[in-house]
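Me: I should like to learn how to read the features of a protein structure. Would you kindly take me through one, step by step?

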Amino acid sequence: MKLLEERFDLFFNDLALQKFRDECLTKSVKALQVKNGNIPKWTQALEAFSALSEGQLGLNEPYLSLSDIGASSEMIESNLKRLLPWRKGPFIFNDLTLESEWQGGLKWQRLKNNITPLKNRRVLDVGAGNGYFTLRMALEGAKKSLGIEPFLLFNYQYAAINALCKQKSSSMLLPLRLEEMPSMPIFDSVFSMGVLYHQRDHMLHLSTLKEMMTRNSELILETLIIDGDKGDSLIPEGRYANMRNVHCLPSIDTLKSWLIDSGYRNIRVIDISKTTPQEQRKTQWIGDNPASLEDFLDPSDPSLTIEGYPAPTRAIIICNN
Ligand SMILES: C[S@@+](CC[C@H](N)C(=O)[O-])C[C@H]1O[C@@H](n2cnc3c(N)ncnc32)[C@H](O)[C@@H]1O
């Protein structure tokens, strides 16, 4: 608890953020007080890392790297493996390479030259996973880079990375859903990547994102889409590419109409890409059940998912508040 408070003091030490500190802290403490049989194993990894001398965070494209950590690769590996599965990344810890399921560098390459440079901006990363992108945003020079992510394991993974890292004041991950956050219209760039299709109410998600944005700020929205015209969308029955909780996949024109109806302006589609097994792949870091995208596509027709839907295609849209 004291450690968490210290982290909050360090991160929320900014005029605009300060007044939200107490509410975010209270809600985060509550979110962390859940019962989960894995917590002792995850805590062991955190405690082991907290006792080490911290390393330097950097970028060795596409890897986020932590160098000069005061421990052997074997010690680091055995503790990182307490935190399986590693979906988001990749990372290098000293000379140990952690190949996560997702090769996150590919998504970053698709968007980085199209966004307003993050230097000196306050950035919100909604659905941040273990903070791979949140940390990349901080490395781009963001004044503050705040990730929010309700999934507990990802919060422990972020805490493990953070424990090994000297630079602690410019990024933070809170264990909260967007809807649980206070309305904080202080962010200059807001990212929602891979989150919209998981929402039961996509319009509510778009309007709640807007409540977090300053005037003229930028939303970077990445989501699954389908081919089709305005008004078309896919509501999968059951799973989609083996994923649960996929609610609605719009066509590009449908998505644009949602954004217009939510009050966004200056809507630009900057990328449309099919997700490939090079981007979402099987690696030894995803644990005992190493199935990945190639297992979720129809073996006789990879343009379809195993459920018979169009295979995953993602769009990135940038727009302004
Ligand atoms: C597919 S992952 C994407 C992770 C990362 N943004 C990326 O692009 O690789 C979606 C994440 O969003 C989180 N999520 C889902 N609904 C959310 C919500 N309402 N608020 C915040 N996070 C949410 C999930 O827990 C999950 O980790």
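**Reading the features of a predicted model**

Reply: Let us begin with the backbone. Pro85 has its place in the loop between helix H5 (73-80) and strand S3 (91-93). Please keep in mind throughout that this is a predicted model.

Me: What is the peptide bond from Leu84 to Pro85, cis or trans?

Reply: As a general idea, most peptide bonds are trans, and most residues other than glycine have a negative phi. Here the bond from Leu84 to Pro85 is cis, with omega near -5°. The peptide bond from Gly89 to Pro90 is cis too, with omega near 10°, and Pro90 is also placed in the loop between H5 and S3.

Me: Which residue other than glycine has a positive phi in the loop between S2 and H5?

Reply: That residue is Asp68, found in the loop between S2 and H5, with phi near 65°. Asp68 counts as exposed because its relative accessibility is 60%. Asn216 has a positive phi as well, near 65°, but Asn216 lies in a strand, S9 (residues 213-225). At 54% relative accessibility, Asn216 is likewise exposed.

Me: Let us turn to charged side chains. How many salt bridges are there?

Reply: The general idea is that side chains of opposite charge can pair when their charged atoms come close. In this model the count comes to 15 salt bridges. One of them joins Lys168 and Glu54, with N and O 3.2 Å apart. This pair links distant parts of the chain, 114 residues apart: Lys168 is in the loop between H8 and strand S7 (171-174), and Glu54 is in the loop between helix H4 (39-50) and strand S1 (56-60). Lys168 is buried, at 18% relative accessible area, whereas Glu54 is partly exposed, at 32%.

Me: Where do Arg136 and Glu61 lie?

Reply: Arg136 is in helix H7 (residues 132-139), while Glu61 is in the loop between S1 and strand S2 (63-67), 75 residues apart. Their salt bridge has its closest N and O atoms 2.8 Å apart. Arg136 is buried, with a relative accessible area of 3%, and Glu61 is partly exposed, at 37%.

A further salt bridge joins Glu99 and Arg281, at 2.9 Å from N to O. These two residues are 182 residues apart: Glu99 is in the loop between strand S4 (96-98) and H6, and Arg281 is in the loop between strand S12 (265-274) and helix H11 (293-296). Salt bridges may also form a network, as those linking Asp9, Arg21 and Asp22 do.

Me: Which side chain of opposite charge is nearest to Arg121?

Reply: It is Glu218, 5.1 Å away, and Arg121 is buried yet has no salt bridge. The cut-off for a salt bridge is 4 Å. Arg121 lies in the loop between helix H6 (104-112) and strand S5 (122-126). Beyond its neighbours within four places in sequence, the contacts of Arg121 include Asp188, Ser189 and Glu218.

Me: How many aromatic pairs are there?

Reply: A pair of aromatic rings is described by the distance of the centres and the angle of the planes. The count here comes to 11 aromatic pairs. In the pair of Tyr132 and Phe133, the ring centres are 5.0 Å apart and the planes stand at 75°, so the arrangement is edge-to-face. Tyr132 is buried, at 1% relative accessibility, and so is Phe133, at 11%. Both belong to one aromatic cluster, together with Trp86, Phe91, Phe93, Trp108 and Phe191.

Me: Where does the charged end of Lys144 sit?

Reply: The charged end of Lys144 sits over the ring of Phe11, 4.9 Å from its centre. In a similar manner, Lys81 lies over the face of Trp285, 4.7 Å from the ring centre.

Me: Finally, which residues touch the most other members of the largest nonpolar core?

Reply: They are Leu80, Phe93 and Phe191, in a core of 45 residues. Helix H8 (residues 152-163) supplies the largest share of this core, seven residues. Contacts of Phe93 include Leu66, Leu80, Leu98 and Ile161. Apart from this core lies another, of 39 residues, among them Leu178, Ile186, Leu219 and Ala315.

Technical notes: Residues numbered from 1 in each chain as written. Predicted model: local features only at pLDDT ≥ 70, side-chain atom pairs only at ≥ 80, totals over all residues. Heavy atoms only, no water. Helix = DSSP H or I, 4+ residues; strand = E, 2+ residues; numbered from the N terminus. Buried < 20%, exposed > 50% of the residue type's maximum accessible area, 1.4 Å probe, protein only. Lys, Arg positive; Asp, Glu negative; His and termini not counted. Contact = heavy atoms within 4.5 Å. Phe/Tyr/Trp six-rings, centres within 6.5 Å; stacked < 30°, edge-to-face > 60°. Lys NZ or Arg CZ within 6 Å of the ring centre and 35° of its normal. Core = buried A, V, L, I, M, F, W, Y, C linked by side-chain atoms within 4.5 Å.
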